[in-house]
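Student: Could you pick one helix in this model and look at it closely for me? I'd like to know which side of it faces inward, what packs over it, and how it sits in the wider picture.

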Amino acid sequence: MNIPDDLKYTKEHEWVKLEGDTATIGVTHHAQGQLGDIVYVELPTEGEEISKEDTFGSLESVKAVSDCFAPLSGKVIEINNVLSENPETINEDCYEEGWIVKIELSDKSELEELMSDEQYKAFVAEESA
Amino acid sequence: MAKHTPLYDEHVKLGGRMVDFADWEMPVQYTGVIDEHKAVRSAAGLFDVSHMGQIEICGKDAEAYVQYLTTNDAKKIIDGKAQYSILCNERGTVVDDVIVYRFTNERYILVVNASNVEKDFNWIKEHERGEIEINDISDSYALIAFQGPKSISILQEFTDIDLDSIETYNFREGMLADKANCIIAKTGYTGEEGVEIFSQPADAPAIWQTLLERGMPQGVRPAGLGARDTLRLEMKYSLYGHEIDDETTPLEAGLSWVVKLDTTDDFIGKQALIEFKEKGATRKLVGFKMIDKGIPRQGYPIITNDKANGIVTSGTMSPSLGEAIGIGFVPKDNGKIGMEFSIDIRGRSRKAEVVKTPFYKLK
């Protein structure tokens, strides 16, 4: 299982990379595998305020739609426009080129609720059991 | 506990992602839906469709009963021929869509949807008339669909039956890959040239392995339920529970070509369908492409004249076309080619346009 140790994770199978007040968000390798071929990504607009647990976009495979839930609250400062034309980038490189949004955090205390790589590994194992 | 087809171990070996489907544990995909879909269009794909049901109708009055049970003209088919048809109820709505295989005028097999086997069997039992015997023989056969432009030449290496001499919707019994008692039918659900192979359950893994081994170097892939759905959708083939169900008549679902109202024989639902036809359908099943972004999905409302008066029955991103396509019911006057309407995609209004179908033109 591909779970980098420098990221934080959620139960919705998203990863968070923190740089100062900015969090980059994407979905994990496990999540993209479960979704299958991603063929469409609905992104939020830049400047939009999102709250933790809100739906901020969706990923669609050939067969189904999955909502993206915000792991943290803040303002969307950048979206990955590559995904509009090449949604399969998420399947190919979910942790780098396939990032989804960057948000400016409004409540850093929410970070404490995220999982470490070890915790996420255990979570996936338990969920698949 | 989900049931396993005779090919279950093959799916697991091939890394198939198994999901529950109509009480069966079936592969939804192996490598990926798009890959598998394209393999079928360019080479061929092997599908396990053993979950589908087989109901046998035998006896002196079998022909008359099949004629009474189904909307198509079953008397038109001769021995060795198959026919797409519908089981309707007295209201003229659809119990199931089926393929009728005629072995003799005293023996027919109906291949029915996996999700409807029990319902269909009970239905057929309840309406029994004449000297006939009805058996659910679903466990007596494995069913493999081998579909795509390279399927016939590959299959031909393993059988003495001259496959080119079998016309579409005809079938032949014989040996395949040293396995006796196989039925090879030129039927399918992808639009491509291909066959469906009935075999003894125990023989299915060997047939599967043989075809896959020979086919792989030529681009043949195992294909799951995901690709089966996108392939049929590109052809605008109906799927029970989507385009047709027991609230839908075949006449409004674009299936009037299999409803023969002008024969002298009666069938269940005929009177209701005659009345329905006289009144005229108020809605029409159309194929459409998205103009705006977004993918239509079953259940999304279709909006014409500011009213939500239609509904999407199926939709996907077409792997062959790279465009979002869908099938849905719209008011009769809004269904002409080129007409535009909106689809409520999760709260956002997105434009779509009625297009000619099938969406995919065969090469």
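Tutor: Here's one helix of chain B up close, followed by its surroundings.

Keep in mind that this is a predicted model. Chain B has a mean pLDDT of 97, with 100% of its residues at 70 or more. For the assembly as a whole, the scores are ipTM 0.85 and pTM 0.94.

The helix is α4 of chain B, residues 117-126, and its buried residues are Val117(B), Asp120(B) and Ile124(B). Viewed down the axis of α4(B), those buried residues stay within an arc of 70 degrees, so they line one face of the helix. The background is simple geometry: an α-helix has 3.6 residues a turn, so residues three or four places apart point the same way. On the other side of α4(B) you'll find Asn122(B), Lys125(B) and Glu126(B), and these are exposed. Note that the buried set includes Asp120(B), which is worth a click in your viewer.

What covers that buried face? The cover over the buried residues of α4(B) includes one helix segment, α3 (62-69), along with the strands β4 (53-58), β5 (81-88), β6 (94-104), β7 (107-112) and β8 (133-136) of chain B.

Now zoom out to the domains. Chain B is split into domain 1 (8-49 + 141-234), domain 2 (53-130) and domain 3 (282-363), and residues 117-126 of α4(B) fall in the range given for domain 2. The centres of domains 1 and 2 of chain B, taken over C-alpha atoms, are 24 Å apart. Where those two meet, ten residues of domain 1 touch nine residues of domain 2. The domain 1 side of that contact is made of seven nonpolar, two polar and one charged residues.

As for the whole chain around the helix, chain B holds eight helices and 19 strands. For its 363 residues, a compact globule would have a radius of gyration near 21 Å, and chain B agrees with its 21 Å. Its C-alpha atoms fit a box of roughly 60 × 50 × 40 Å along the principal axes. Of the 363 residues, 47% are buried. Among contacts between residues at least 6 apart in sequence, 67% join residues at least 24 apart.

If you like checking backbone geometry, chain B has a few spots for you. Most residues other than glycine have a negative phi, and most peptide bonds are trans. Ala177(B) has a positive phi near 50 degrees; this residue is in the loop between β10 (171-176) and β11 (179-185) of chain B, and it counts as partly exposed with 19 C-beta neighbours inside 10 Å. Lys236(B) has a positive phi too, about 60 degrees, and lies in the loop between α7 and α8 (270-279) of chain B. Lys236(B) is buried, with 21 other C-beta atoms within 10 Å. Then there's the cis peptide bond between Thr357(B) and Pro358(B), with omega about 0 degrees. Pro358(B) belongs to the segment after β19 (348-355) of chain B.

Finally, the partner. Chain A and chain B meet through eight residues of chain A and eleven of chain B. On the chain B side, the elements that give two or more residues are α2 (33-42), α7 (225-234) and β16 (307-317) of chain B. By class, the residues on that side are five nonpolar, five polar and one charged. Chain A itself has four helices and nine strands, in the order β-β-β-α-β-β-β-β-β-α-α-β-α. Its C-alpha trace spans about 35 × 35 × 20 Å along the principal axes. A compact globule of 129 residues would have a radius of gyration near 14 Å, and chain A's 14 Å agrees with that. In chain A, 40% of the 129 residues count as buried.

So, back to your question about the helix: the inward side of α4(B) carries Val117(B), Asp120(B) and Ile124(B), while Asn122(B), Lys125(B) and Glu126(B) are exposed on the other side.

Conventions
Residues numbered from 1 in each chain as written. Chains lettered and ligands numbered in written order. Predicted model: local features only at pLDDT ≥ 70, side-chain atom pairs only at ≥ 80, totals over all residues. Rg over C-alpha atoms; globule rule 2.2 N^0.38 Å. Buried ≥ 20, exposed ≤ 12 C-beta atoms within 10 Å, placed from the backbone. Contact = placed C-beta atoms within 7 Å. Nonpolar A, V, L, I, M, F, W, Y, C, P; charged D, E, K, R; others polar. pLDDT = per-residue confidence, 0-100. Arc of directions from axis to C-beta. Domains from an automatic or database assignment.
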